[in-house]
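Here are a few exercises to work through with the model open in your viewer. Try each one yourself before you read the solution.

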Amino acid sequence: MSKTQIDREKGPEFLPKFDEKGLLSAVVQDVRTGEILMVAFMDQEAIDATLRTGIAHFHSRSRGKLWKKGETSGNVLNVAEILVDCDQDALVLRCEPAGPTCHTGAPSCFYRKLDDGILQSVKA
């Protein structure tokens, strides 16, 4: 095991491990209910903006730029806590949503389940 790997897995320093595109996965969870709200990607700029403002920012792969969640709808995600996985290539943002998280108006982007090959609605 390399020193960097040991530092990343055992040390106190935040050393995010980005993929070849400079991104890592971020799962957003409602801090009150535990419900998974969305999954997105973050780059260093998004992490820095999130830490600076306390509001979740992501990297928009479709637009190729920084994206503040809720910048047009007002449905921001106020970050209460950030959990970092063992090798620092994924984050869980525990947030207080200020409205629906999904662009469809659903509280969560995970509003359907796969049941025998068919998508079925879950609780609203």
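**Exercise 1. Work out what share of the protein chain is buried, and how the chain presents itself to the outside.**

Solution. Keep in mind that this is a predicted model. Start with the burial count: of the 124 residues in the protein chain, 31% count as buried. Next, take the surface: about 7,700 Å² is exposed, and carbon and sulfur atoms supply 51% of that. For the overall dimensions, put a box along the principal axes; the C-alpha atoms fill roughly 45 × 35 × 30 Å. Last, look at charge. There are 16 positive and 18 negative side chains, with the centres of the two sets 4 Å apart.

**Exercise 2. List the elements of the protein chain in order, then find the open sheet.**

Solution. Count first: the protein chain has two helices and eight strands. Reading from the N terminus, you get α-β-β-α-β-β-β-β-β-β. Now trace the sheet. Four strands make up an open sheet, ordered E2-E1-E6-E5, and the pairing is mixed. At the edges sit E2 (36-42) and E5 (77-84), each of which pairs on one side only. From one strand to the next, the twist averages 30°. Zoom in on one pair: E5 and E6 run antiparallel and are joined by seven bridges. One position to check is Asn-78, whose bridge partner in E6 is Glu-96.

**Exercise 3. Take strand E3 and decide which way its side chains point, and whether they are buried or exposed.**

Solution. Begin with the general expectation: side chains in a regular strand alternate between the two faces of the sheet. Then go to E3, residues 57-60: His-57 and His-59 point one way, Phe-58 and Ser-60 point the other way, and all of them are buried. Phe-58 makes a good worked case. The cut-off for buried is under 20% relative accessible area, so Phe-58 qualifies because its relative accessibility is 0%. For a distance check, pick Val-28, 30 residues away along the chain; its C-alpha atom is 11 Å from that of Phe-58.

**Exercise 4. Compare the hairpin of E3 and E4 with the hairpin of E7 and E8: how many residues lie between the strands of each?**

Solution. Take E3 and E4 (residues 65-68) to begin with. They run antiparallel with four bridges between them, and Ser-60 stands opposite Lys-65. Four residues separate the two strands, and in the turn Gly-64 has a positive phi of about 65°. Now do E7 and E8 (residues 118-121). Four bridges join this antiparallel pair too, with Leu-114 partnered by Leu-119 in E8. Here two residues lie between the strands, and Asp-116 in the turn has a positive phi of about 55°.

**Exercise 5. Locate Pro-100 and describe its surroundings.**

Solution. Place it first: Pro-100 is in the loop between E6 (90-97) and E7 (112-115). Then classify it. Partly exposed covers the range between under 20% and over 50%, so Pro-100 falls there because its relative accessibility is 32%. Set aside neighbours within four places in sequence, and Pro-100 is in contact with Asn-75, Gly-105, Ala-106 and Pro-107. Finally, try a distance: Arg-52 is 48 residues away along the chain, and the C-alpha atoms of Pro-100 and Arg-52 are separated by 23 Å.

Terms used:
Residues numbered from 1 in each chain as written. Predicted model: local features only at pLDDT ≥ 70, side-chain atom pairs only at ≥ 80, totals over all residues. Heavy atoms only, no water. Buried < 20%, exposed > 50% of the residue type's maximum accessible area, 1.4 Å probe, protein only. Pairing = 2+ DSSP bridges. Areas by Shrake-Rupley, 256 points an atom, 1.4 Å probe, with all protein chains shown as cover. Lys, Arg positive; Asp, Glu negative; His and termini not counted. Charge placed at Lys NZ, Arg CZ, Asp CG, Glu CD. Contact = heavy atoms within 4.5 Å. Axes fitted to C-alpha atoms, helices over the stretch in contact; angles between N-to-C directions.
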